[in-house]
Amino acid sequence: MKENKWKDLISCIGLVKYGMSVKQCFCTMTLFMVIGIAFEMMTLLWTNGKLMNRVLDFGALFMFSAVVYPVQMLITLDITGMVQASPYKKRIQTSAMSLISLWGNLVVLVILLLIRGLGAWLVPERAAVIWNTLPTVGILGLGLSVMIALAYKFYIVSVIVMILVFGASGGFNGIYRIGEMETPGMTDGLSPAAAIGFCVIMIFLGNALQYVINRVIYKRPFSKWAFGSALGKKFV
């Protein structure tokens, strides 16, 4: 039985290629990922890590945002008449959506860790900043997971959630920046292992919250703010 459920879940994920505006979403996802990687490498390497304790980690933000597009392609299937009447409707909005989001966020985290590890190796005098500001990545990952869960049903609420996440992320980096100004070159803070562990926990926690929220609200109609005219067309 569990094997059949897993196969059904994989089948749901395979339907991504039939979503709305697949080519456009794929191109935008790729663009966001490239921009994010370039921004992260520029911040860490070309500026000697000096921008790491500024307001937001925009490289991580772009990369986590890229993960939204596969989820969006999958969710658009649920506004078709065919899927609305199928048993896949609930699974697409709950387990399939959460699994794609989790895989994507973990891939992004691995890329970010590789870049930061390279930065810490190439610019060892900024290693403390690189690792001590890493929890921001986990906060962004958690926040975007929750935002995705809400965006298609409660679009305005999801925007508010992201504003709060940006505030929390910026506040964390701001606190660290103040501490570094008071104690230049400080090395106190989370160890690399602790910082990485925190991010992993935040990613899984965000995904768990996303799944729970999706289970609770999947019957609610989609927000017109999220899909615009596509809701009226009910493309098939």
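**A buried salt bridge and the nonpolar core of a helical chain**

Arg116 forms a salt bridge with Glu40, with 3.3 Å between the closest N and O atoms. Arg116 lies in helix α5, which spans residues 88-122, and Glu40 lies in helix α2, which spans residues 22-46, so the pair ties together parts that are 76 residues apart in sequence. Side chains of opposite charge can pair when their charged atoms come close. The two partners are buried: Arg116 has a relative accessibility of 0%, and Glu40 has a relative accessibility of 1%. A search of the whole structure, which is a predicted model, finds one salt bridge.

The chain holds 11 helices and zero strands. Read from the N terminus, the order of elements is therefore α-α-α-α-α-α-α-α-α-α-α. The chain has 236 residues, and 49% of them count as buried. Among contacts with a separation of 6 or more, 82% are made by residues 24 or more positions apart. The accessible surface of the chain is about 11900 Å², and carbon and sulfur atoms account for 71% of that area.

The largest nonpolar core consists of 53 residues, and Phe64, Val137 and Tyr152 are those with the most contacts inside it. Two or more residues of this core come from each of α2, α3 (58-75), α5, α6 (127-132), α7 (135-151), α8 (155-182) and α9 (192-217). Helix α3 gives the largest share, 12 residues. The contacts of Phe64 can be listed in detail. When residues up to four places away in sequence are not counted, Phe64 touches Asn105, Val108, Leu112, Val137, Leu140, Gly141, Leu144 and Ile203. One of these contacts, Val137, is itself named with Phe64 among the residues with the most contacts inside the core.

Helix α5, which carries Arg116 of the salt bridge, also contains Gly104. Gly104 counts as buried, with a relative accessibility of 17%, because the cut-off for buried is under 20%. The C-alpha atom of Gly104 is separated by 8.5 Å from that of Ala66, although the two residues are 38 residues apart along the chain.

A nonpolar patch of about 560 Å² is present on the surface, made by Tyr155, Ile156, Val159, Ile160, Ile163 and Leu164. Ile156, one of the patch residues, has its place in helix α8. The relative accessibility of Ile156 is 49%, and this residue therefore counts as partly exposed, the cut-off for exposed being over 50%. Helix α8 is also among the elements that give two or more residues to the largest nonpolar core.

The count of disulfides comes to zero. For Cys27, the nearest cysteine sulfur is that of Cys25, at 9.5 Å, and Cys27 is in no disulfide. The cut-off for a disulfide is within 2.5 Å, so the separation of 9.5 Å between the sulfur atoms of Cys27 and Cys25 does not meet it. Cys27 counts as exposed, at 51% relative accessibility. Cys199, in contrast, counts as buried, at 0% relative accessibility.

Methods: Residues numbered from 1 in each chain as written. Predicted model: local features only at pLDDT ≥ 70, side-chain atom pairs only at ≥ 80, totals over all residues. Heavy atoms only, no water. Helix = DSSP H or I, 4+ residues; strand = E, 2+ residues; numbered from the N terminus. Buried < 20%, exposed > 50% of the residue type's maximum accessible area, 1.4 Å probe, protein only. Contact = heavy atoms within 4.5 Å. Areas by Shrake-Rupley, 256 points an atom, 1.4 Å probe, with all protein chains shown as cover. Salt bridge = Lys/Arg side-chain N within 4 Å of Asp/Glu carboxyl O. Core = buried A, V, L, I, M, F, W, Y, C linked by side-chain atoms within 4.5 Å. Patch = residues over 30% accessible without salt bridge, like charges linked within 9 Å, V, L, I, M, F, W, Y side chains within 5 Å.
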